[in-house]
Amino acid sequence: MASGANVVLDDVPSLDLMTELLRRMKCASKPDKRLILIGPPGSGKGTQSPIIKDEYCLCHLATGDMLRAAVAAKTPLGIKAKEAMDKGDLVSDDLVVGIIDEAIKRPSCQKGFILDGFPRTSIQAEKLDEMLAKQGTKIDKVLNFAIDDAILEERITGRWIHPLSGRTYHTKFAPPKVPGIDDVSGEPLIQRKDDTVEVLKSRLESFHRQTEPVIDYYTKKGVVAQLHAEKPPNEVTIQVQKALL
Ligand code: AP5
């Protein structure tokens, strides 16, 4: 009798298997990379992440997405996180550090990872470095999505998301082909509950007070690359590629 894993593979169409095989062969030649994307809400981290993920075969760990999934599933973690998230506050360091500690052990993170939205406090940064030191690794690069606060309100309030893939659209800057519909899957797009002008104010306040010190922390380690995140998305992609050479 076939094992459980074989039964699952038997059901996967050959074309999908071949595509995955080719992807893994391409990935084998890529250097390992452990990256942090840091920047205020709406600075473009979620827009650039899928591009970097595909280029370097990394896993994309977005703590905001992971927490929103836990809230939607009403897990014990999600119930604890919901109140802080609805107000635009940060959830506790211990909760988020636990999520990341688990996630970076996934097989999909074998070539490295993109941390998007983590670390967001100096304590999280220190704990992350301790975790990595235990594995004999460290952060290779921190991409700082530097941008003026004044630009962010329009970006955040016009954002639409395909929750399953993480693809991000904008009514003005990156509209989908059909309004409200994901270009690839044809599924509906959603708007985030915290993407309002009022909640953005507290998210920005948390960023300046709690997350900017993380940029100083990694600047002292000499691994921060500054991006001009106010530029159009394709220009930011070029800046990212140069920073990761
Ligand atoms: P999280 O989901 O991480 O939200 P965030 O940091 O506020 O970041 P965003 O996802 O809003 O911004 P983005 O930079 O990804 O923008 P995007 O590319 O989509 O966190 C949510 C909450 O979870 C937190 O408030 C907190 O409560 C909790 N949390 C998460 N991590 C935590 C942690 N480590 N510790 C504690 N709590 C934590 O772009 C925005 C829009 O602009 C899009 O519509 C896009 O199309 C458009 N756009 C993007 N780039 C450009 C460009 N270059 N030009 C024009 N438009 C652009």
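**Helix α3 and the spaces beside it**

In this predicted model, helix α3 gives the most to the lining of the largest cavity, with four residues. That helix is a useful place to begin, and the account below follows it from the cavity to its own packing and then to an open pocket.

The structure holds one cavity of 30 Å³ or more, and the largest cavity has a volume of about 50 Å³. The residues that line the largest cavity are Ile51, Ile52, Glu55 and Tyr56, together with Thr237, Val240, Gln241 and Leu244. Two helices, α3 (45-56) and α10 (233-243), each supply at least two residues of this lining. Sorted by class, the lining of the largest cavity consists of five nonpolar residues, two polar residues and one charged residue.

Helix α3 itself has 12 residues, and from its first C-alpha to its last it reaches 16 Å, which is close to the 16 Å expected at 1.5 Å a residue. Which residues of α3 are buried? They are Lys45, Gln48, Ser49, Ile52 and Tyr56, where buried stands for under 20% relative accessible area. When α3 is seen down its axis, these buried residues fall within an arc of 115°, and therefore they line one face of the helix. As for their partners, the buried residues of α3 pack against the strands β1 (33-38), β2 (59-62), β3 (112-116) and β4 (141-146), and also against helix α10. Helix α10 thus appears twice, as a packing partner of the buried residues of α3 and as a contributor to the lining of the largest cavity. Among the buried residues of α3, Ile52 and Tyr56 also belong to the cavity lining.

Following the chain onward, the reader comes to Cys57, the residue after α3, whose phi is positive, near 60°. Cys57 also leads to another space in the model, the second largest pocket, as described next.

The second largest pocket has a volume of about 580 Å³. Of the 18 residues that line this pocket, the closest to its centre are Glu20, Arg23, Cys57, Leu58 and Ser108. Helix α2 (14-28), helix α3 and strand β2 each supply at least two residues of the pocket lining, and which of the elements gives the most to it? That element is α2, with six residues. By class, the lining of the second largest pocket divides into seven nonpolar, three polar and eight charged residues.

Helix α3 is therefore a link between the two spaces, with at least two residues in the lining of the largest cavity and at least two in the lining of the second largest pocket.

Note on methods:
Residues are numbered from 1 along each chain as its sequence is written. This is a predicted model: local features need pLDDT of at least 70, side-chain atom pairs count only at pLDDT 80 or more; totals for chains, interfaces and linings use all residues. Side-chain values use heavy atoms; hydrogens and water are left out. On a 1 Å grid over the protein atoms alone, a cavity is a set of points where a 1.4 Å probe fits but cannot get out, and a pocket is an open set with protein on both sides within 12 Å along at least five of seven lines; lining residues have an atom within 4 Å of a point. Grid points are joined across faces, edges and corners, and a volume is the space filled by probe spheres set on the points. Ala, Val, Leu, Ile, Met, Phe, Trp, Tyr, Cys and Pro count as nonpolar, Asp, Glu, Lys and Arg as charged, and the others, Gly among them, as polar. The expected span of a helix is 1.5 Å times one less than its number of residues. Buried means under 20% relative accessible area, exposed over 50%, partly exposed in between (1.4 Å probe, protein chains only). The arc is that of the directions from the helix axis to the C-beta atoms. Contact means heavy atoms within 4.5 Å.
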